[in-house]
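Please walk me through this structure in plain terms. I would like to follow how its charged side chains pair up and how two of its helices pack.

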Amino acid sequence: MNDLAGKHIVLGLSGGIACYKAADLCRAMVKESATVQVVMTQAAEQFITPVTMQALSNRPVYGSQWDAREPNNMPHINLSREADAILIAPCSADFMARLLHGSADELLSLMCLARPVAQVPLLLAPAMNREMWAHPATQRNMAQISADGAHILGVGSGFQACGETGDGRMLEPAELLEDLVAFFQPKTMVGLRVLVTAGPTFEPIDPIRGITNHSSGKMGFAVAKAAREAGAQVTLVAGPVSLTTPRGVERVDVGSAQQMLDATLAQAPSADVFIATAAVADWRPASPSGQKIKKDGSGRAPVLAFAENPDILATVAQGERARSGQLFCVGFAAETHDLVTHARAKLARKGIPLIVGNIGPLTFGEDDNQLLLVDQFGTQELPRASKIALARTLVAEISRRLHRTVPPAG
Ligand code: CTP
């Protein structure tokens, strides 16, 4: 709920039916503790009232370059100097054309032109009919605006207010919020490929039943999201969980430990970092039945024989890529007791440079956690915090070790 704490965002609305989504976006940003200053074009006011936006942002809305509320009568200067970012959502085709030409005859485009380019990023959430979006003029304008320093957040695809279906819808408020939060995260992993395993595995007994565990996958999904926010290209190999895939992350769904191993080994040759957060079942039923095992009326329960599962992390860590230093492997240790001793033993047993210890019953299913980083130099406690906050710190710690900018903490 504090992902935008301390950030002041100017939310600009240009004219388009997607203005109705800007109300939700404004509310979502405020909920994440941002201060939001709304600026609207006259066309935007045809779609949603300044009253709505003022109520949601808790600030008077600006709409005119002649606004006498500003002592110097220069809202275009004052508003842009205060902002950590200007986000135009929706950004209409016409507004894009105006940005391209540096138009300055109404407040919103004037303010964009007057912003200090190096200090105040401009983010655009285009919204328009699919033909307008696909038109060469729009695509040309977008390429040039992008070259001029704006960040285009992309568009959604699907059913449009005009009744047509295709590309050009404004991204949903939750997606825009995720992109905005990501925008402000330090880009410590640009150019890296990160592979993450997450969640439990499911080991079938028969086509109906199986053995699994309490892992929710939340920590692994948070790690994937944090790595993506840091600029990495991320693949997430996920066991059976019901979680939304973080934006920009490629997800491969698997069931059993063997499937997780296969999916991981398919990705590992191109990865730079492997983070094994999954709670992989140590054993599987040795010969799962092809048919449902039925009660035979004798009152005797079936006896299951188990086989040991492959150790995914150890397999990857023993591979050529990891041993030659091209792949940095990070393990998680889920324990119930003696965390430091067990974590340190696993670090050695798996042959990895970093392991993250946590107490299983205190983390499974929870939204927060506390971690202990253990490497050859020592231990470092990450106190109780949300899983995404911990994941961001972990990503920063991994980056620090990769770039060797400062000696590891210990
Ligand atoms: N791991 C794995 N494949 C397995 C078992 C574990 O990749 N078959 C990984 C986990 O994703 C985690 C680390 O190894 O990163 C440690 O997992 P954990 O379950 O804590 O330990 P185990 O190796 O299973 O050892 P033990 O059962 O003795 O605690």
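Arg209 and Asp206 form a salt bridge, and their closest N and O atoms lie 2.4 Å apart. This is a predicted model. The two partners differ in their surroundings: Asp206 has a relative accessible area of 3% and is therefore buried, whereas Arg209, at 35% relative accessibility, counts as partly exposed.

A second pair is Arg169 and Glu172, whose side chains meet in a salt bridge with an N to O distance of 2.7 Å. Here Arg169 is partly exposed, because its relative accessibility is 26% and the range for that class begins at 20%. Glu172 is partly exposed as well, with a relative accessible area of 30%.

A third pair joins Lys225 to Glu178 through their side chains, in a salt bridge of 3.7 Å from N to O. This pair links distant parts of the chain, since Lys225 sits in helix α10 and Glu178 in helix α9 (residues 173-183), 47 residues apart. Lys225 has a relative accessible area of 23%, which makes this residue partly exposed. Glu178 is also partly exposed, with a value of 22%.

These pairs belong to a longer list, as the structure holds 23 salt bridges. Some charged residues are joined in a group: Asp375, Glu397, Arg400 and Arg401 are linked in a network of salt bridges.

Helix α10, already met through Lys225, also packs against another helix. Two packed helices are described by the angle between their axes and the distance between the axes. The axes of α10 (residues 218-229) and α16 (residues 387-403) come within 8 Å and cross at roughly 50°. That angle falls between the roughly parallel range, under 35 degrees, and the roughly perpendicular one, 65 to 115, so α10 is oblique to α16. The crossing of α10 past α16 is right-handed.

Which residues of α10 and α16 make the contact? On the α10 side they are Lys218, Met219, Ala222, Val223, Lys225, Ala226, Ala227 and Glu229. On the α16 side they are Lys387, Ile388, Leu390, Ala391, Arg392, Leu394 and Val395. Sorted by class, this contact has ten nonpolar residues, five charged residues and no polar residues. Lys225 thus appears in two roles, as a member of the contact with α16 and as the salt-bridge partner of Glu178.

Key:
Residues are numbered from 1 along each chain as its sequence is written. This is a predicted model: local features need pLDDT of at least 70, side-chain atom pairs count only at pLDDT 80 or more; totals for chains, interfaces and linings use all residues. Side-chain values use heavy atoms; hydrogens and water are left out. Axes are lines fitted to C-alpha atoms, for helices over the stretch in contact, and angles run from 0 to 180 degrees between N-to-C directions. Helices (H or I, at least four residues) and strands (E, at least two) are DSSP runs, numbered from the N terminus. Angles under 35 degrees count as roughly parallel, over 145 as roughly antiparallel, 65 to 115 as roughly perpendicular and the rest as oblique. A crossing is left-handed if the near helix is turned anticlockwise from the far one by less than a right angle, and right-handed if clockwise. Contact means heavy atoms within 4.5 Å. Ala, Val, Leu, Ile, Met, Phe, Trp, Tyr, Cys and Pro count as nonpolar, Asp, Glu, Lys and Arg as charged, and the others, Gly among them, as polar. A salt bridge is a side-chain nitrogen of Lys or Arg within 4 Å of a carboxyl oxygen of Asp or Glu. Buried means under 20% relative accessible area, exposed over 50%, partly exposed in between (1.4 Å probe, protein chains only).
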